[in-house]
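Here are a few exercises to work through with the model open in your viewer. Try each task yourself before you read the solution.

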Amino acid sequence: MRRRVILLGPPGSGKGTVAAQLKNECGFDHFSTGHWLRQEVARGSALGRQASLFLERGELVPDEVVLALVKDALSNAQADVGYLSDGFPRTLAQARAFDAWSSPRGLGIEQVIYFECSEALVLNRITGRRSCGSCGRVYHVTLVPPGQPGRCDDCAGELTQRTDDTESVVRKRFKIYLRETEPLIDFYRQQAKLDVVNASQSVDVMMSQTMSLLQR
Ligand code: AMP
């Protein structure tokens, strides 16, 4: 099975939910730059203060900030280590810089799975989304409910709605996605690394399709 994988897709496409399940069921080393950034904001660190306005407005944090976070997390990794990224890279500049940094270290991306999804579906999904303030696991009030309402199944942390999950911010994030992130689809297709999952299906179907793509 491939071990260095990027999940690509608009906010609310279900890639975060699938990533969390892959982590739990297959032991993938899952990372989410959005979760790391929200943790920095909650901690009140210098980086968090720098990033908080971007997150609130649904805008992308500057490339250098995100690249520094990812490189820092992976720089101690052994060559040939695995990862499953949800939410990074999000711009062509990030993708190019990450390729240039990771390939010579034996950490280059092996496969990109694109979760294809319409804006209408994204809006519908995101209004019901809740996430754990402590471990970042993502739920949905009806589609992926926790065992106990308001509590994380993994760590019992409190489940809350993200401040950037309101309709107006989500519409803005979708526009930014189309402008900044969608070009990555062609970028990775040209590298022959791209596979596609139809993200309008249930989480279980997306999960099993993702699993079979990973095993190819
Ligand atoms: P997410 O949890 O992936 O939806 O990310 C939430 C927010 O974090 C985004 O709306 C951005 O403000 C920021 N963010 C996360 N990942 C990135 C990234 N790779 N590049 C720039 N900003 C990011």
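## Exercise 1: Pairing in a sheet

R129 sits opposite H140 in strand 6. Keep in mind that this is a predicted model.

**Task.** Starting from that pair, work out in which sense strand 5 and strand 6 pair, and over how many bridges.

**Solution.**
- Step 1: Find the two partners. Strand 5 covers residues 129-132, and strand 6 covers residues 138-140.
- Step 2: Move along to R130, which faces Y139 in strand 6.
- Step 3: Read off the sense. Strand 5 and strand 6 are antiparallel, with three bridges between them.
- Step 4: Look at the connection. The two strands make a hairpin with five residues between them, and G136 in the turn has a positive phi of about 90°.

## Exercise 2: Completing the sheet

**Task.** In what order do the three strands of the open sheet lie, and which strands stand at the edges?

**Solution.**
- Step 1: Look for another partner of strand 5. Strand 7 (residues 159-160) runs antiparallel to strand 5, joined by two bridges.
- Step 2: Check a residue pair here too: C132 is opposite L159 in strand 7.
- Step 3: Put the strands together. The order is 6-5-7 in an open sheet with antiparallel pairing.
- Step 4: Pick out the edges. Strand 6 and strand 7 each have a single partner strand, so each has one side without a neighbour in the sheet.

## Exercise 3: Two helices crossing

**Task.** Are helix 6 and helix 7 roughly parallel, roughly antiparallel, roughly perpendicular or oblique to each other?

**Solution.**
- Step 1: Locate helix 6 at residues 119-127 and helix 7 at residues 167-181; their axes come within 10 Å and cross at roughly 140°.
- Step 2: Classify the angle. Over 145 degrees would count as roughly antiparallel, and 65 to 115 as roughly perpendicular. Helix 6 is therefore oblique to helix 7.
- Step 3: Add the handedness: the crossing of helix 6 past helix 7 is right-handed.

## Exercise 4: Lining a pocket

**Task.** Which element supplies the largest share of the lining of the second largest pocket?

**Solution.**
- Step 1: Start with the space, about 440 Å³ in the second largest pocket.
- Step 2: Go to the lining. There are 17 lining residues, and R38, Q39, V41, L55 and R162 are the closest to the pocket's centre.
- Step 3: List the elements giving two or more residues: helix 2 (33-43), helix 3 (46-57) and strand 5.
- Step 4: Choose the top contributor. Helix 2 gives the largest share, five residues.
- Step 5: Finish with the make-up of the lining: four nonpolar, nine polar and four charged residues.

How values were computed
Residues numbered from 1 in each chain as written. Predicted model: local features only at pLDDT ≥ 70, side-chain atom pairs only at ≥ 80, totals over all residues. Heavy atoms only, no water. Pairing = 2+ DSSP bridges. Helix = DSSP H or I, 4+ residues; strand = E, 2+ residues; numbered from the N terminus. 1 Å grid on protein atoms, 1.4 Å probe; cavity = no way out; pocket = protein on both sides within 12 Å on 5 of 7 lines; lining within 4 Å. Points joined across faces, edges and corners; volume = space filled by probe spheres on them. Nonpolar A, V, L, I, M, F, W, Y, C, P; charged D, E, K, R; others polar. Axes fitted to C-alpha atoms, helices over the stretch in contact; angles between N-to-C directions. Parallel < 35°, antiparallel > 145°, perpendicular 65-115°, else oblique. Left-handed = near helix turned anticlockwise from the far one by under 90°.
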